[in-house]
There are 2 protein chains.
Amino acid sequence: MKIICSQKQLSTAVNIVQKAVSTKTTLPILKGILLEAKNNKLKLVGNDLDIGIENYIETKIVQEGSIVISSKIFGDIIRKLPDADIEIEVDDQNNVFIRCENSDFKLVGQSAVEFPELPYVKEENTYIISQDLFKNMIRQTIFATSQDETRPILTGSLIEIKNRNILMVAIDGYRLALRKAYLNIDIGNKAVVPSKTLNEVNRILGNETEGNIFISFTDKHILFTIDKTRIISRLLEGEFINYNQIIPKEYKSKVKVKTKELLDSIERASLLAKEGKNNAIKFSIKDDIMNVSSNVDIGSVNEEVNIELEGEDLDIGFNSKYLLDALKVIDSEEIFLEFTTSVSPCVIKPTDNENYIYLVLPVRLSKQ
Amino acid sequence: MKIICSQKQLSTAVNIVQKAVSTKTTLPILKGILLEAKNNKLKLVGNDLDIGIENYIETKIVQEGSIVISSKIFGDIIRKLPDADIEIEVDDQNNVFIRCENSDFKLVGQSAVEFPELPYVKEENTYIISQDLFKNMIRQTIFATSQDETRPILTGSLIEIKNRNILMVAIDGYRLALRKAYLNIDIGNKAVVPSKTLNEVNRILGNETEGNIFISFTDKHILFTIDKTRIISRLLEGEFINYNQIIPKEYKSKVKVKTKELLDSIERASLLAKEGKNNAIKFSIKDDIMNVSSNVDIGSVNEEVNIELEGEDLDIGFNSKYLLDALKVIDSEEIFLEFTTSVSPCVIKPTDNENYIYLVLPVRLSKQ
């Protein structure tokens with residue numbers, strides 16, 4: 001194998017596929033990146049058996065071939081080389097020669113034969129979503145996936161496509177986050193995607209999120225295609241919680257409040273709350289004021305927040321972290337908080353659209 | 001005590017004095033910040049008994065007094081409050097009330113009587129240096145202080161004032177860094193300042209380094225005054241190494257090389273070198289080329305660097321980390337490397353001034 005490629009292109013591609021390379025694996029070859037030179041394309045592949053990431057570079061192939069190179073050292077070298085053309089040559093003994101201007105590296109590679117192939121996902125029934133929108137869907141829900149491996153299904157997010165809508169739903173037993181968006185296709189589908197996969201997709205989307213992401217499913221796998229990158233992940237097996245049953249349809253108190261004002265107040269109250277149990281803060285809702293308070297050994301805090309209240313007065317406690325997680329990802333200027341009793345869940349929604357629902361359970365307040 | 005102060009001023013002052021507050025101390029009061037309101041000034045003090053930092057704010061004192069408040073929670077609260085006036089009031093039971101717009105905190109403080117006073121340093125024979133210059137002197141030497149507590153004197157930097165020059169010198173047994181600058185005063189003085197103190201001075205100087213820093217000594221302490229901040233530190237006791245005896249006055253080979261070119265080559269070579277012993281790299285100096293190479297189990301690297309050589313050819317090995325540390329802080333475009341033999345130290349100097357000397361011992365090369 002022998003190829004010539006610009007340093008910029010190669011380091012971009014390495015940075016992307018490295019995200020699927022495991023550092024702690026029992027299969028040593030998985031610590032490497034597969035390079036495959038064929039048909040005027042250099043393909044790079046990282047694969048940890050849960051997620052596989054492929055990236056293509058169109059470049060000069062002097063001689064076709066393939067090799068697996070240790071991801072860590074290869075990435076470090078490519079990133080440190082100057083902004084010039086890099087020549088990579090592999091000999092019969094799997095020695096890899098990397099040359100760029102005055103630099104000359106020799107590494108010991110591994111035969112590509114041993115590298116596990118990525119699962120095949122047929123690209124039919126492909127859903128097309130803007131990258132920007134999909135990134136937002138991940139951002140607004142992923143924090144509500146469970147970290148608890150005893151219920152594996154909840155460590156992922158449900159992606160459901162029905163009635164020309166795509167939904168992303170995450171539930172961890174204490175709260176639920178649901179993001180909905182319009183989709184110009186009415187072929188139904190659903191799958192539970194590991195949160196780790198969605199995190200990687202999110203990172204690969206980066207900040208420049210013009211263009212679309214293409215999504216295809218099989219029974220066991222999901223494929224995301226973003227420009228020249230393909231991310232193939234296994235799906236989580238099992239039945240996801242019926243989220244519709246959980247979301248209350250009615251309320252007794254409805255509070256309208258400025259998102260930023262509430263966020264700032266809860267952030268300050270949580271400085272004390274985190275010294276206590278459960279990060280507990282108390283909402284005391286009465287007329288046009290909501291008091292956000294916390295009372296712990298080292299001191300106490302009271303924050304006054306201006307609200308518009310429809311319905312009954314109420315005192316209720318929350319884990320402030322669960323509220324902050326949601327308030328940080330809601331972009332709307334104002335939100336509704338809907339309550340029934342002090343022991344039933346609170347529903348948070350933006351006032352200006354119906355695309356986002358967050359539900360959080362209250363905590364029992366011991367003292368205060 | 002009762003004061004009113006802008007959030008901006010207060011959070012700036014807290015950020016500065018917090019650097020002297022110890023998180024792990026056996027004396028609980030040292031986890032606090034002393035607030036002292038007197039003569040239309042609010043003084044804040046942090047003190048870990050090695051370093052004390054004071055900062056003053058000119059502000060409205062409604063009632064004079066003093067209190068010690070837990071540094072961590074006080075700092076967190078002040079930083080999170082809105083950009084508005086903050087009122088701090090202390091009652092007879094050392095309860096501290098912090099009020100700002102709609103926020104109302106109550107914390108339990110401690111009597112200021114217990115807070116250890118900072119050592120008194122008389123401000124005579126004060127040396128005045130530009131902040132920018134002093135920051136550079138620290139940056140170019142501090143990395144060569146020793147981390148090894150068995151020779152405590154080497155964990156600090158020597159500051160020596162003589163012949164209208166100020167010198168800063170650090171030695172760790174493997175290398176020496178010396179930075180010299182002109183000083184418009186000829187009163188001699190010397191002291192060994194803990195590297196921790198110089199690190200804090202460096203941080204407090206920050207990026208806006210117009211203006212001067214004022215330095216005063218006693219036998220046991222040093223005082224740095226930067227605008228409204230005073231940093232008082234104990235000095236290290238004992239005799240510093242006679243650095244003049246260490247620096248070779250002659251050489252057999254003198255290499256002139258572009259700083260950035262050498263830095264980049266050594267950085268790349270060190271990617272492999274760090275997989276081996278001592279981060280060892282080899283310089284092979286011959287005519288107008290210096291080869292920088294490393295040869296370890298996983299591969300090898302050779303870098304060609306263009307040089308101008310005066311004197312004899314030479315092969316010599318170094319710990320690449322020790323070279324990188326110095327090359328990163330030399331701002332001059334070109335440097336001289338002076339060698340005598342392959343087992344004697346190398347001296348690095350900028351070509352365009354005589355203010356900086358770096359000396360580094362070679363390593364024995366096992367293979368290569």
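**Loop residues, ring pairs and chain symmetry in a predicted two-chain model**

Leu49(B) is placed in the loop that runs between β3 (41-47) and β4 (51-58) of chain B. In this model, which is predicted, the phi angle of Leu49(B) is near 80 degrees, a positive value in a residue other than glycine. With a relative accessibility of 53%, Leu49(B) counts as exposed, the threshold for that class being over 50%. A second loop of chain B, between β8 (95-100) and β9 (103-108), holds Glu101(B), for which phi is near 45 degrees, again a positive value in a residue that is not glycine. Glu101(B) also counts as exposed, at 62% relative accessibility.

Glu89(B) belongs to strand β7 (residues 85-90) of chain B, and its relative accessible area of 26% places Glu89(B) in the partly exposed class. When residues up to four places away in sequence are not counted, Glu89(B) touches Met1(B), Lys2(B), Asn95(B), Val96(B), Phe97(B) and Arg99(B). Between the C-alpha atoms of Glu89(B) and Gly65(B), which are 24 residues apart along the chain, the separation is 9.7 Å.

Helix α6 of chain B (residues 259-273) consists of 15 residues, and the distance from its first C-alpha to its last is 20 Å, close to the 21 Å expected at 1.5 Å a residue. Because twelve of the 15 residues of α6(B) are buried, the helix is largely enclosed by the rest of the structure. The buried residues of α6(B) include the leucines Leu262(B), Leu263(B), Leu271(B) and Leu272(B), and among them are also Glu267(B) and Arg268(B), together with Thr259(B), Ser265(B) and Ser270(B).

Considered as a whole, chain A contains seven helices and 26 strands, and its C-alpha trace spans about 80 × 50 × 35 Å along the principal axes. Of the 368 residues of chain A, 54% count as buried. Among the contacts in chain A with a separation of 6 or more, 67% are accounted for by residues 24 or more positions apart. According to an unreviewed UniProt entry, residues 1-119 of chain A are covered by the annotation "domain: DNA polymerase III beta sliding clamp N-terminal". Over residues 1-119, chain A is 18% helix and 46% strand, with the end C-alpha atoms 25 Å apart.

Aromatic side chains were examined next. A pair of aromatic rings is described by the distance of the centres and the angle of the planes. With ring centres required to lie within 6.5 Å, the count comes to twelve aromatic pairs over all chains. In one of these pairs, the rings of Phe134(A) and Phe224(A) have centres 5.8 Å apart and planes at 45 degrees, so the pair is tilted. This pair links distant parts of the chain, since Phe134(A) lies in helix α3 (residues 131-141) of chain A and Phe224(A) in strand β16 (residues 221-226) of chain A, 90 residues apart. Phe134(A) is buried, with a relative accessible area of 0%, and Phe224(A) likewise counts as buried at 0% relative accessibility.

The rings of Phe318(A) and Phe339(A) also form a tilted pair, because their planes stand at 45 degrees with the centres 6.4 Å apart. Here the distant parts of the chain that are linked are strand β23 (residues 314-319) of chain A, which holds Phe318(A), and strand β24 (residues 334-339) of chain A, which holds Phe339(A), the two residues being 21 residues apart. Both Phe318(A) and Phe339(A) are buried, and ring pairs join them with Phe283(A) into a cluster.

Contacts of a charge with a ring appear in chain A and in chain B. In chain A, the charged end of Lys41(A) sits over the ring of Tyr56(A), 5.1 Å from its centre; in chain B, Lys41(B) lies over the face of Tyr56(B), at 5.1 Å from the ring centre.

Two copies of a chain are related by a rotation about an axis and a shift along it. In the present model, a turn of 180 degrees and a shift of 0.0 Å along the axis lay chain B on chain A with an RMSD of 0.0 Å, which is the relation of a two-fold axis. The C-alpha of chain B nearest the axis is that of Asn207(B), at 14 Å from it. As 100% of the interface residues of chain B are also interface residues in chain A, the copies meet through the same surface.

Definitions and conventions: Residues numbered from 1 in each chain as written. Chains lettered and ligands numbered in written order. Predicted model: local features only at pLDDT ≥ 70, side-chain atom pairs only at ≥ 80, totals over all residues. Heavy atoms only, no water. UniProt positions renumbered as here; feature names shortened; annotations may be inferred. Helix = DSSP H or I, 4+ residues; strand = E, 2+ residues; numbered from the N terminus. Least-squares fit on C-alpha atoms with pLDDT ≥ 70 in both. Contact = heavy atoms within 4.5 Å. Phe/Tyr/Trp six-rings, centres within 6.5 Å; stacked < 30°, edge-to-face > 60°. Buried < 20%, exposed > 50% of the residue type's maximum accessible area, 1.4 Å probe, protein only. Lys NZ or Arg CZ within 6 Å of the ring centre and 35° of its normal. Expected span 1.5 Å × (residues − 1).
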